Amino acid sequence: SALANVRNRRILFGALNWGMGHVSRSIPLIASLLEQENRIFIACNPAQETIYRVYFPHLTYYSLEDYPFLFSEKGFRPVDFLRRIPQLFRHIQREKVRVTEVVGIERIDLVISDHRYGFLSSKVESIFITHQCRLPLPPYGRIFQFFHRNLMRKFNACWIADDQILRLAGKL
């Protein structure tokens, strides 16, 4: 697997802030990367850091701004999302600046983003982790699929957080 080949690297990792699913699925990944003699730096919000520190108290942490919206109890609402698209793109640009800062400070040579569209660097290899190559949206959500695909293509590689046999993430 691609993960097994990542050894002796200086890695900056960041997970999406929409709930703690992204954090919980990244814990075994980070543990594997540490076992492979990588040095990990985590960029996250305070709530995520609280969880990560339980498992990785010795790592270096950098603050990272949350994405500008959350899902409501009703789930994804296209109207809410459309209103916040300008905020989202401004956030993605700020996130790229933050990643560039940390890449320079820590001499990072690999960036891993768990579904954070702006968490990448033009200076080093950047990997996007997702469990949704196609977002589960109604037919009128094609514009969101277009943005999702184009933003994913900016990364050097995309890792699918799933198993080919068990298909835990469902239809990809």
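A residue counts as buried under 20% relative accessible area, as exposed over 50%, and as partly exposed in between. In this predicted model, tyrosine 55 has a relative accessibility of 49%. Tyrosine 55 is therefore partly exposed. Phenylalanine 56 has a relative accessible area of 5%, so phenylalanine 56 is buried.

The core architecture is described next. The strands E3-E2-E1-E4-E5-E6, in that order, make up an open sheet of six strands. Their pairing is parallel. Strand E3 (60-63) and strand E6 (157-160) are the edge strands. Each of these two pairs on one side only. On average, neighbouring strands of the sheet are turned by 25° against each other, direction ignored. In general, strands of a sheet pair through backbone hydrogen bonds, either parallel or antiparallel.

Strand E1 covers residues 10-15. Strands E1 and E4 run parallel and are joined by five bridges. Within E1 and E4, phenylalanine 13 stands opposite isoleucine 112 of E4.

Two helices meet the sheet. Helix H1 (residues 21-35) lies across E1, strand E2 (39-44), E4, E5 and E6. Helix H1 runs at about 170° to E1. Helix H2 (residues 46-55) packs on the sheet and touches E1, E2 and E3. The direction of H2 makes about 145° with that of E2.

Aspartate 114 belongs to strand E4. With a relative accessible area of 1%, aspartate 114 is buried. Its contacts, leaving aside neighbours within four places in sequence, are Phe13, Gly14, Ala15, Leu16, His22, Arg25, Ser26 and Ile129.

Aromatic pairing was examined next. Three aromatic pairs were counted. One of them joins tyrosine 55 and phenylalanine 56. Their ring centres are 6.3 Å apart and the planes make 45°. Planes under 30 degrees apart count as stacked and those over 60 as edge-to-face, so a pair between these limits is tilted. The pair of tyrosine 55 and phenylalanine 56 is tilted. This pair joins a partly exposed residue, tyrosine 55, to a buried one, phenylalanine 56.

Tyrosine 117 and phenylalanine 128 form a stacked pair. Here the distance is 5.7 Å centre to centre, with 15° between the planes. Tyrosine 117 lies in the loop between strand E4 (110-114) and strand E5 (125-130), whereas phenylalanine 128 lies in strand E5. The pair therefore ties together parts that are eleven residues apart in sequence. Both tyrosine 117 and phenylalanine 128 are buried. One aromatic cluster is formed by Tyr117, Phe128 and Phe155.

Backbone geometry was considered last. Asparagine 8 is not a glycine, yet has a positive phi of about 55°. Asparagine 8 is placed in the segment before E1. A relative accessible area of 57% makes asparagine 8 exposed. Histidine 115 also has a positive phi, near 65°, and is a residue other than glycine. Histidine 115 is found in the loop between E4 and E5. The relative accessible area of histidine 115 is 6%, so this residue is buried.

Note on methods. Residues numbered from 1 in each chain as written. Predicted model: local features only at pLDDT ≥ 70, side-chain atom pairs only at ≥ 80, totals over all residues. Heavy atoms only, no water. Phe/Tyr/Trp six-rings, centres within 6.5 Å; stacked < 30°, edge-to-face > 60°. Buried < 20%, exposed > 50% of the residue type's maximum accessible area, 1.4 Å probe, protein only. Helix = DSSP H or I, 4+ residues; strand = E, 2+ residues; numbered from the N terminus. Pairing = 2+ DSSP bridges. Axes fitted to C-alpha atoms, helices over the stretch in contact; angles between N-to-C directions. Contact = heavy atoms within 4.5 Å.
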